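Visitor: I should like to learn how to read a model of this kind, feature by feature. Where should one begin?

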Protein chains: 2
Amino acid sequence: MTDNDRTVAIGESMIRPDALTKVRGEERFAVDHYPSGLLWAGVKRAGIPHGHLLSVVTDEAAKIPGVCAVLTAADINGTNRQGVIRKDQPVLVDERIRHCGDPVALVVAETQEILAVALEQIRFEVEPLEPVFDPCAALRSDAPLLHPDHPDGNALFTAHITVGAGENGFADCAEMVEGEFDLPRQAHAFLETENGWARADNDGRVEITVSTQTPFRDRSEVAEALGLSVDRVRIIAPYCGGAFGGKDGITVQSLLALAALHCPGRPVKMWWRREESFLAGVKRHPARLLYRLGADRSGTLAALSVEAWFDTGPYDHLGGVVAALGIEHAGGPYRIPHVDLKTRAVYTNNPVSGAFRGFGVPQVAAAMESMMDLLARRLQLCPLELRRRNALVRGDHCPAGSTRQGSIGLTACLDRLATHPLWTTREQWRAAAGPHRSHGTGIAAVAHGMGYGPLVPDTATAAIELLPDGRFSVQAGVVDMGQGNAATYLQMAADILNQPPDRLLLILPDTDRTFPCGSSSASRTTFTYANALIPAARKLRELLLARASEMMLVQDHREMLLVPGAVRHLPSGRDIELARLGSLLSRDERFVSHHYRAPAARETPSDNSNLRLHGFPHLIFSHAVHLARVEVDELTGRVSVAAYLSISDCGRIINPVVFSGQQEGAVAQGIGYALCEDVLVDRGQIRTADLATYILPTSLDVPPLETLAVSLSEHDGPFGLKGAGEIGIDAPAPALANAVEDACSIRLTRFPLTAERVLGALTERNNPRRS
Amino acid sequence: MTDNDRTVAIGESMIRPDALTKVRGEERFAVDHYPSGLLWAGVKRAGIPHGHLLSVVTDEAAKIPGVCAVLTAADINGTNRQGVIRKDQPVLVDERIRHCGDPVALVVAETQEILAVALEQIRFEVEPLEPVFDPCAALRSDAPLLHPDHPDGNALFTAHITVGAGENGFADCAEMVEGEFDLPRQAHAFLETENGWARADNDGRVEITVSTQTPFRDRSEVAEALGLSVDRVRIIAPYCGGAFGGKDGITVQSLLALAALHCPGRPVKMWWRREESFLAGVKRHPARLLYRLGADRSGTLAALSVEAWFDTGPYDHLGGVVAALGIEHAGGPYRIPHVDLKTRAVYTNNPVSGAFRGFGVPQVAAAMESMMDLLARRLQLCPLELRRRNALVRGDHCPAGSTRQGSIGLTACLDRLATHPLWTTREQWRAAAGPHRSHGTGIAAVAHGMGYGPLVPDTATAAIELLPDGRFSVQAGVVDMGQGNAATYLQMAADILNQPPDRLLLILPDTDRTFPCGSSSASRTTFTYANALIPAARKLRELLLARASEMMLVQDHREMLLVPGAVRHLPSGRDIELARLGSLLSRDERFVSHHYRAPAARETPSDNSNLRLHGFPHLIFSHAVHLARVEVDELTGRVSVAAYLSISDCGRIINPVVFSGQQEGAVAQGIGYALCEDVLVDRGQIRTADLATYILPTSLDVPPLETLAVSLSEHDGPFGLKGAGEIGIDAPAPALANAVEDACSIRLTRFPLTAERVLGALTERNNPRRS
């Protein structure tokens, strides 16, 4: 018996099957594909933020030997438009340039060197238009419009939610605190930048292998943009080398398909370098948030007002959905009877904002959880007690007005924190600061909704098959972008089928070989797919036991049991090998699929149908409480994170090691968001163009992370789980801001909390300006 | 919002609702009932171990003023026999006395003082018979027979299981170790000794309020023994003040019923003092075990031979079932291909042995896990590695020949232990011993089967009702003897119904008010009842949503949601209070029950139908690995437990605080079993008659306990749980014996490991006898 023969139960840490291939460099990501006869495709980008594209001169480039194709919008037969909700982004610019990264022309060449030379040779004529970079300015009536056809001008999406007495709720508040918060633009900075390769056959069918979170949606988008029938497009999605939302939507797909269709029979590869990824890929929405929070003297929350502006850049790219999710979460996981919430996603000529782990929630959580500490300070209440007193429980209305129906482990998390040494020894930590240092501890509590919301069907179809060699294949049409969901699927199926996980093969997403399973996003990936997989695996188990009982002349198939590698007739002890069973049955007899649609909210707390379309309200939420312990160097302003604790309610934990990995990664990314990451943009031009100037936290900046879970069961969750992929990034920014205030009595509301900003605030604290 | 309004999810620690009433002394156990007009009943006991009862003289006693009744076997109209499998125990001795605690006459009096005087006045004439006290001697052909009508003489139960080549498996073993083990008689020593009260009405119907684990079985037993129709007996079972198996079967019930029937209209109370409890109550079976264990040179187990003798005392009282469960577990949680197992439960004139938490497994685990360490030492292998190498996985055959079908978290427990500081720092611990002290660390791994086995139906019927005041009642016909299962039922129902637990009332077992739910025993209590309760609660939820939707003129009841205190129509936000719903519906419309029968093994690894009747084989097993760190005082022989760790696989943990309580209690009881507890019996007379001479561990003898769980999910378990009540007591004895050997190289095989025995072994180690 080796470790490979071990069965693994639900709740047991299982090393993911892709771990070894990845650490050895044997796993082939999209970027690792170099088919023979490869051509290289590249894009000429606009370089200016706003203008009418009058003409593109491609002749010089096309003449270069080794250049196979130079293509412009004129070569596109379809809509030339992409986008998830509003299709407003061209594959290649046809009329208007809206940001510096817009693609103007596409070149295909025999080598990367020829490609680079050819791209240099492309010229285009532009009539500059007045750009707009500030979301508030973009909403003024005299602002230049990015999409003149959009009925709401530069307001891509607006929503207003009033609950209870709304603003009037402040009338009765004994205490009120206010705050104005600025959250930065964050880069996904995944290891594997946007890339893929495509090949079209002579019949015009194109196969695209691409680093993506959304293979089935990509297929439709490519087909529509290029004017193809959907069955003419195949998307193959290997493991992703990171995505975090940055591959939730089209990146290279349509460009690759266009290139391949013009070079039939030849594989064409496109791979954005880091600078191009920064320039053309999406970012987390910068946000400006105005908050007012009112309470009675005992700390019971009474009223909340929020105004939010999300800078969505020039294209929708889920920007409206981000703004909707942000405002749904703006009041945090608390009971607040009177609420007024306003949100806008605004078009600007800045880089494109889009999906990013957290999806609008890290922004509002940074504000709301800072407000909670401001209020606690005002009321001289313990910050933990203030949160505990107002924590939502099942059946409560949340601040945005919907009933919280799913499990809520928030109080359980807060209770766990209350007895944790990092919390109980916070005074000792404060007292242990050396000269010119100050020590503080901050906490934050967050909720995070799962899934697509009430209108967009949140579905998956899982398939599982006994192979003739006695192994099983699990067909998952949803991507594993590194989070480990694929391993969790194998763990669940192996548990139900009572097989060692290595007797199960995973079929990665491929629109020709797997069923549609939705996107790897919105903390719904494992929830939705596993809810399809579990019944499929159970059906297959019953089917195999029935077939085996017939072969063994057994009357009652309940006498049969799946054991590793075989079906056993228990009363007689006889086994039939799975390989024998698999070879005797036709495929239809050993194949099962199951379709699942996640439950959706049946409430309509807002009559804004647009808000509903954009996903409001959600039904099931995960929760977390984070604690950060910091040291502030009062001479330099540098904030060091000395210890970090997350306590999460993500339902039942299926594979603890994968769960911890998700939380650790999210916290590290959240520490970057809080302390150093900021894509600086100056009049539409990115000033932090690469990883030398865009500062990511390294292992030296991330302290030991303690990752706990309360592991409650969610009724609707597969084996009780809830989403765990995003919530870990919602809390670090406010926990760190609260820790900095606890350390040195400065309240920073502009993130990231760079040394420069901290030092400025310390200087002001020490020398207050006279008013 | 107070804590009382909190909903509680599965997996969340919930303070049990009975905690406050218990610590305040407000919970009314059976013993706390003093109805007005109370009479007292008491028993005259034999005081000799074996004899023919020739006559009983009751006249003197009956004449005493205030004596209401003096009753003997002649006053019993029924079978006068009690017992679960074999009905061999008289309510009052009719012909033969078989142990010193046998009841000869029953007296009812107005006061305890009069009762005591009357009992003194009872005389009886006896023809002494030769007694037998040693189980091996009792099996000799010339031994005196306790039950001449029993076809197998003094062998209450015997079984022989051969797997693979049986004894012949040793032929190929490179290494073999042997051992002979003696396990002591342990007393349950519950806080609330055996007691109850009864009242018969003038129609001859009798109600008995009693401290019991088995109200429904008690009803049948009382009825049959006394010749009543079952519907003439009502058993009411309040919370038990401890039981541990000692109340799994009749104690005072039939005596009380007999007394009450002779004093109609008057409540009659019986309460055994500690000495009477020790004398007449059951004990853990003393056992003698001969082990041989063979392996190849790499430590792969190959062959096992076990011979077991269990001293069952004079009556069955589940003794055969204990011997069967013991032998089923004799090979531990390991793969061993060739096995020969022999077991006997033997009648003697010692005190009655019966059910006790662990139920035969602590005895065999003490031997088997000592053998594993002996083998590891012989092979110079790490004891953890030896266990890991041979650990059963799902689908394996266990040593007794059945397939392990349920979840097996044993390797997960071993893996967790391997990285635990108490394991990784064991060399530091050894080195830290002061002068004349030695330090050691021992481990043990165990499995424990759940439920009644294949033949006796393991069933429960749960009922749940919405009350007119808007609360819910949960009717549980299975006893909570202190382990907290009742709280777990409320937690589960509250979770499904989305109500704070204190909106749920628990109806404790009462044969008139609840359905039969089996015994509180065999680690099956929560498993079986909760599997009935969960569907009942779900059915009630659907029923209430449907009724509420009709009242609110809603078409689709899926738009309805249970929230605390109400049903909500989600699209409109309208609520209907549960109190209103409860008052509008008839009881049949708001009451749901569900019957559940636990799955049972379909294998017949043995063709011994008697073994099958006695519960072999089991289907689902919990697992655990324990570690004990000891200090041995080499001058006195005293063993101190410095630290103790348990890592358990009991499926999904529902309420962590209740789970930990079970493990901590079991480990404390197991430390007592290992180190000090021993009911000493000399020619049938108990020499440790009370808690001054029977030594229980106190809080000073129990070290800090660390209680971990791997919390895997069992498919058939309610929310994934497996039984957790017994397994904690299986491992302490061998873990401690192994730790003592690790500390000072002495192997003790006679338990408990008293200072006297340790000192003896140390002396022998230092001055080995010449052979």
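Guide: We shall go from the overall fold to the pairing of the chains, and then to single residues. Please keep in mind throughout that this is a predicted model.

Visitor: What radius of gyration would a compact globule of 771 residues have, and what is the value for chain A?

Guide: The general idea is to set the radius of gyration against an expectation based on the number of residues. For 771 residues a compact globule would come near 28 Å, and chain A has 27 Å, so the two agree. Along the principal axes, the C-alpha atoms of chain A fill a box of roughly 90 × 75 × 55 Å. Of the 771 residues of chain A, 59% count as buried.

Visitor: How many helices and strands does chain A have, and what share of its contacts joins residues 24 or more positions apart?

Guide: Chain A has 20 helices and 30 strands. Among its contacts with a separation of 6 or more, 80% are between residues 24 or more positions apart.

Visitor: Which residues of chain A does UniProt list for a domain?

Guide: An unreviewed UniProt entry lists residues 24–130 of chain A as "domain: Aldehyde oxidase/xanthine dehydrogenase a/b hammerhead". Over residues 24–130 of chain A, helix makes up 14% and strand 36%, with 51 Å between the end C-alpha atoms.

Visitor: What span should helix α15 of chain A have, at 1.5 Å a residue?

Guide: The general idea is to compare the expected span of a helix with the distance between its ends. Helix α15 of chain A, residues 525–551, has 27 residues and should therefore span 39 Å; its end C-alpha atoms lie 38 Å apart, which agrees. Just after α15(A), L553(A) has a positive phi of about 60°.

Visitor: How many residues of helix α6 of chain A are buried?

Guide: A residue is called buried when 20 or more other C-beta atoms lie within 10 Å of its own. In helix α6 of chain A, residues 253–261, 9 of the 9 residues are buried, so this helix is largely enclosed by the rest of the structure. Among them are Q253(A), S254(A) and L261(A).

Visitor: Is P264(A), in the loop between α6 and β14 of chain A, buried or exposed?

Guide: P264(A) is partly exposed, because 14 other C-beta atoms lie within 10 Å. Beyond its neighbours within four places in sequence, P264(A) contacts A200(A), D201(A) and N202(A). The C-alpha atoms of P264(A) and A198(A) are 9.8 Å apart, although 66 residues separate them along the chain.

Visitor: What rotation superposes chain B on chain A?

Guide: A rotation of 180° with 0.1 Å of shift along its axis does so, at an RMSD of 0.1 Å. That is the relation of a two-fold axis. The same surface serves both copies, since 97% of the contact residues of chain B recur in chain A. Of the residues of chain B, F719(B) comes closest to the rotation axis, at 4.1 Å for its C-alpha.

Visitor: How many residues does each chain bring to the contact?

Guide: Chain B gives 34 residues and chain A gives 33. On the side of chain B that touches chain A, α11 (410–418) and β20 (560–563) each supply at least two residues. That side of chain B comprises 12 nonpolar, 13 polar and 9 charged residues.

Visitor: Which backbone features deserve a second look?

Guide: Most residues other than glycine have a negative phi, and most peptide bonds are trans. F359(A) has a positive phi near 60°, and lies in the loop between β17 (338–347) and α9 (361–379) of chain A. F359(A) is buried, with 30 other C-beta atoms within 10 Å. S711(A) likewise has a positive phi, near 50°, in the loop between β30 and α19 (732–744) of chain A. S711(A) is buried, with 27 other C-beta atoms within 10 Å.

Visitor: Where is a cis peptide bond found in each chain?

Guide: In chain A, a cis bond joins F616(A) and P617(A), with omega about 0°. P617(A) sits in the loop between α17 (609–613) and β26 (621–633) of chain A. In chain B, the bond from F751(B) to P752(B) is cis, with omega near -5°. P752(B) belongs to the loop between α19 (732–744) and α20 (755–766) of chain B.

Definitions and conventions:
Residues are numbered from 1 along each chain as its sequence is written. Chains are lettered from A and ligands numbered from 1 in the order in which they are written. This is a predicted model: local features need pLDDT of at least 70, side-chain atom pairs count only at pLDDT 80 or more; totals for chains, interfaces and linings use all residues. A residue is buried if 20 or more other C-beta atoms lie within 10 Å of its own, exposed if 12 or fewer, and partly exposed in between; C-beta atoms are placed from the backbone. Helices (H or I, at least four residues) and strands (E, at least two) are DSSP runs, numbered from the N terminus. Copies are superposed by least squares on the C-alpha atoms of residues with pLDDT of at least 70 in both. Two residues are in contact if their C-beta atoms, placed from the backbone, lie within 7 Å. Ala, Val, Leu, Ile, Met, Phe, Trp, Tyr, Cys and Pro count as nonpolar, Asp, Glu, Lys and Arg as charged, and the others, Gly among them, as polar. UniProt positions are given in the numbering used here, feature names are shortened, and annotations may be inferred rather than shown by experiment. The radius of gyration is taken over C-alpha atoms; the globule rule is 2.2 Å times the number of residues to the power 0.38.
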